[in-house]
Amino acid sequence: QVQLVESGGGLVQPGGSLRLSCAVPGSIVRDSMGWYRQAPGKQRELVAVISSGGSTNYADSVKGRFTISRDNANATVYLQMNSLKPEDTAVYYCQARRTGSWGQGTQVTVSS
């Protein structure tokens, strides 16, 4: 089981931005990585994926607003979130898709 550590969540007003970080072991940073979120009373859903080759995919609800990226040198995967909406409120998790390992999650709250 590999250890992933998310950070960067917080409270932000609608229309604001946050950047989430996921620190991963250097041995897997180039693997396929995903960001997921889980809102209260809802199932966990996939938000964004970056493949080992660098291609990205996004949920329709975040396309054009969120960007997933990876810094191999710093062994970190990022989720840049812009134009945030109240419906983006959730706990955000990163996952190493090959190993299935999860981080502990970071809370994002979008509210005025």
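Trainee: What makes the charged end of Arg44 count as sitting over the ring of Trp102?

Mentor: The model is a predicted one, and in it the charged end of Arg44 is 4.4 Å from the centre of the Trp102 ring. The cut-off is CZ of Arg within 6 Å of the ring centre and within 35 degrees of the ring normal, so 4.4 Å meets the distance part. Arg44 also sits over the ring of Tyr93, with its charged end 3.7 Å from that centre.

Trainee: Why is the pair of Tyr36 and Trp102 called edge-to-face?

Mentor: A pair of aromatic rings is described by the distance of the centres and the angle of the planes. For Tyr36 and Trp102 the centres are 4.8 Å apart and the planes stand at 65°. Centres within 6.5 Å make a pair and planes over 60 degrees apart make it edge-to-face, so Tyr36 and Trp102 satisfy both conditions. Along the chain the two residues are 66 residues apart, with Tyr36 in strand E4 and Trp102 in strand E10.

Trainee: How do you know that Tyr93 and Trp102 form an aromatic pair?

Mentor: Their ring centres are 6.3 Å apart, and the limit is 6.5 Å, so they pair. With 85° between the planes, this pair is edge-to-face too. Tyr36, Tyr93 and Trp102 make up one aromatic cluster.

Trainee: Are Tyr36 and Trp102 buried, partly exposed or exposed?

Mentor: Tyr36 has a relative accessible area of 13%, and buried means under 20%, so Tyr36 is buried. Trp102 has 31%, between the 20% and 50% limits, so it counts as partly exposed. Tyr93, at 13%, counts as buried.

Trainee: What makes Cys22 and Cys94 a disulfide?

Mentor: Their sulfur atoms are 1.9 Å apart. The cut-off is 2.5 Å, so the pair qualifies. This link joins Cys22 in strand E3 to Cys94 in strand E9, 72 residues apart. The angle about the S-S bond is 55°, and the link is right-handed. A search of the whole structure finds 1 disulfide.

Trainee: How accessible are Cys22 and Cys94?

Mentor: The relative accessible area is 0% for Cys22 and 1% for Cys94. Both values are under 20%, so both cysteines are buried.

Trainee: Why is strand E4 described as largely enclosed by the rest of the structure?

Mentor: Of its 6 residues, 5 are buried, so the description follows. Strand E4 pairs with E5 in the antiparallel sense over 5 bridges, where Tyr36 stands opposite Leu46. Another 6 bridges join E4 to E9, again antiparallel, and there Arg37 has Tyr92 as its bridge partner.

Trainee: What makes E1 and E7 the edges of their sheet?

Mentor: The open sheet has 4 strands in the order E1-E3-E8-E7, paired antiparallel. E1 and E7 each have a single partner strand, so one side of each is left without a neighbour in the sheet. E1 and E3 pair over 3 bridges, and Ser7 stands opposite Ser21 in E3.

Trainee: Is Ser21 buried or exposed, and what of Glu87?

Mentor: Ser21 has a relative accessible area of 16%, under the 20% limit, so it is buried. Among its contacts are Trp35 and Tyr78. Glu87 has 56%, over the 50% limit, so it is exposed. Glu87 lies in the loop between strands E8 and E9.

Technical notes: Residues are numbered from 1 along each chain as its sequence is written. This is a predicted model: local features need pLDDT of at least 70, side-chain atom pairs count only at pLDDT 80 or more; totals for chains, interfaces and linings use all residues. Side-chain values use heavy atoms; hydrogens and water are left out. Two strands pair if DSSP finds at least two bridges between them. Buried means under 20% relative accessible area, exposed over 50%, partly exposed in between (1.4 Å probe, protein chains only). Contact means heavy atoms within 4.5 Å. Rings of Phe, Tyr and Trp (its six-membered ring) pair if their centres lie within 6.5 Å; planes under 30 degrees apart count as stacked, over 60 as edge-to-face and the rest as tilted. Lists of a residue's contacts leave out its neighbours within four places in sequence.
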